Amino acid sequence: MSTVNATWVGRPADDFFSRYGAPYSTFPRQDGGAIYGWRGGEQTLAVNTAPRPPAFPPSPFGTTPAVQPAPAPLFGDTKSRTTSNSWVRADGTKVTETRSRTTSASVNVDTTKLIGSLLGAAAGSPAAAKPATRTIVCELSITADPGGVITAVSVKRDTEGAFLSLSRCGEILK
């Protein structure tokens with residue numbers, strides 16, 4: 001969080017709250033300053049807890065293939081877009097800028113759950129189980145002087161991030 005301190009200490013608390021949202025609590029200090037409780041980036045994510053099927057059935061000869069097939073997507077789509085801009089600078093240098101963007105999506109279906117739901121799997125069975133969840137959040141304590149200038153920022157709670165990040169605060173406070 002030293003990056004957050006370096007960025008925000010010495011700046012008005014109102015600037016922080018304008019950018020990231022209002023505090024959920026304010027504690028007035030005797031010197032006229034305040035300690036703010038701030039929370040941001042709170043999300044509840046589904047966690048995959050379904051048991052994995054066996055990696056690959058062994059062959060009748062007692063060996064397992066070295067390469068296991070990946071499930072094929074049920075359907076998918078890929079889109080690409082490339083744009084180029086060219087211009088000439090005042091010194092006569094020609095500049096060309098090219099940007100490419102590719103997006104793709106696919107859908108895979110676990111056929112064992114699909115078949116179970118079609119056959120009327122009972123509630124509470126693996127095919128009807130609700131996914132587990134986890135909540136991610138960044139919570140800070142922000143101290144400001146009587147003029148509203150931030151003097152300290154400390155982390156009260158910082159969970160793992162949404163994807164591969166180890167810090168939700170690091171994701172939110174870029």
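Begin the tour by selecting Glu171, which, leaving aside residues up to four places away in sequence, touches Gly161, Ala162, Phe163 and Ser165. The model on screen is a predicted one, and what follows should be read with that in mind. Glu171 belongs to helix 4, which covers residues 168–172. If you now add Arg168 to the selection and show side chains, you will find a polar contact of 2.6 Å between the side chain of Glu171 and that of Arg168.

**The whole chain**

Zoom out and switch to a cartoon view, in which the chain has 4 helices and 6 strands. Followed from the N terminus, these elements come in the order α-α-β-β-β-β-α-β-β-α. Of the 174 residues in the chain, 20% are buried. If you turn on a surface, its accessible area comes to about 12,800 Å², and carbon and sulfur atoms account for 56% of that area. A contact map of the chain would repay a look as well, since among the contacts between residues at least 6 apart in sequence, 54% join residues at least 24 apart.

**The disulfide**

Return to helix 4 and select Cys169 together with Cys138; these two residues are joined by a disulfide, with an S to S distance of 2.0 Å. The link bridges distant parts of the chain, with Cys138 in strand 5 (residues 132–144) and Cys169 in helix 4, 31 residues apart. The structure holds 1 disulfide, and both of its partners, Cys138 and Cys169, are buried. Which hand does the disulfide between Cys138 and Cys169 have? The torsion about the S-S bond is about 100°, and the disulfide is therefore right-handed.

**Along strand 5 to Thr143**

Stay on strand 5 and move to Thr143, which also has its place there. Is Thr143 buried or exposed? Its relative accessibility is 16%, so Thr143 counts as buried, given that the cut-off for burial is under 20%. Showing the surroundings of Thr143, again without residues up to four places away in sequence, brings up contacts with Arg29, Ala34, Ile35, Val149, Ile150, Thr151 and Ala152.

**The loop at Asp31**

Arg29, one of the residues touched by Thr143, leads on to Asp31, because the side chains of Asp31 and Arg29 make a polar contact at 2.5 Å, as the next selection shows. Asp31 sits in the loop between strand 1 (25–28) and strand 2, and with a relative accessible area of 42% it is partly exposed. Besides its contact with Arg29, the side chain of Asp31 reaches the backbone nitrogen of Gly33 at 2.8 Å. Then add Pro146 and draw a distance between the two C-alpha atoms: Asp31 and Pro146 are 115 residues apart along the chain, yet these atoms are separated by 6.8 Å.

**The aromatic cluster**

For the next stop, select Trp8, Phe16, Phe17, Tyr20, Tyr36 and Trp38, which ring pairs link into a cluster. In general, a pair of aromatic rings is described by the distance of the centres and the angle of the planes, and both quantities are worth displaying here. The count of aromatic pairs comes to 7. One of them is formed by Phe16 and Tyr20, a tilted pair with 4.9 Å from centre to centre and 50° between the planes. Phe16 and Tyr20 are 4 residues apart in helix 2 (residues 13–20), which means that about one helical turn separates them. Phe16 counts as buried at 1% relative accessibility, and Tyr20 counts as buried at 18%.

Keep Phe16 selected and look at its pairing with Trp38: the ring centres are 5.3 Å apart and the planes stand at 80°, so this pair is edge-to-face. Since Phe16 lies in helix 2 and Trp38 in strand 2 (residues 34–47), the pair ties together parts that are 22 residues apart in sequence. Trp38, like Phe16, is buried.

**Two charges over rings**

Finish with two arginines. Select Arg11 with Trp8, a member of the cluster just visited, and you will see the charged end of Arg11 sitting over the Trp8 ring, 4.1 Å from its centre. Then select Arg39 with Tyr24, where the charged end of Arg39 sits over the ring of Tyr24, 4.3 Å from the centre of that ring.

Notes
Residues are numbered from 1 along each chain as its sequence is written. This is a predicted model: local features need pLDDT of at least 70, side-chain atom pairs count only at pLDDT 80 or more; totals for chains, interfaces and linings use all residues. Side-chain values use heavy atoms; hydrogens and water are left out. Helices (H or I, at least four residues) and strands (E, at least two) are DSSP runs, numbered from the N terminus. A polar contact is a pair of N or O atoms within 3.5 Å; within protein, one must be able to donate a hydrogen and the other to accept it, and residues adjacent in sequence count only if both atoms are side-chain atoms. Contact means heavy atoms within 4.5 Å. Rings of Phe, Tyr and Trp (its six-membered ring) pair if their centres lie within 6.5 Å; planes under 30 degrees apart count as stacked, over 60 as edge-to-face and the rest as tilted. Buried means under 20% relative accessible area, exposed over 50%, partly exposed in between (1.4 Å probe, protein chains only). A charge sits over a ring if NZ of Lys or CZ of Arg is within 6 Å of the ring centre and within 35 degrees of the ring normal. Accessible areas come from the Shrake-Rupley method with a 1.4 Å probe; for residues, only the protein chains shown count as cover. A disulfide is a pair of cysteine sulfur atoms within 2.5 Å.
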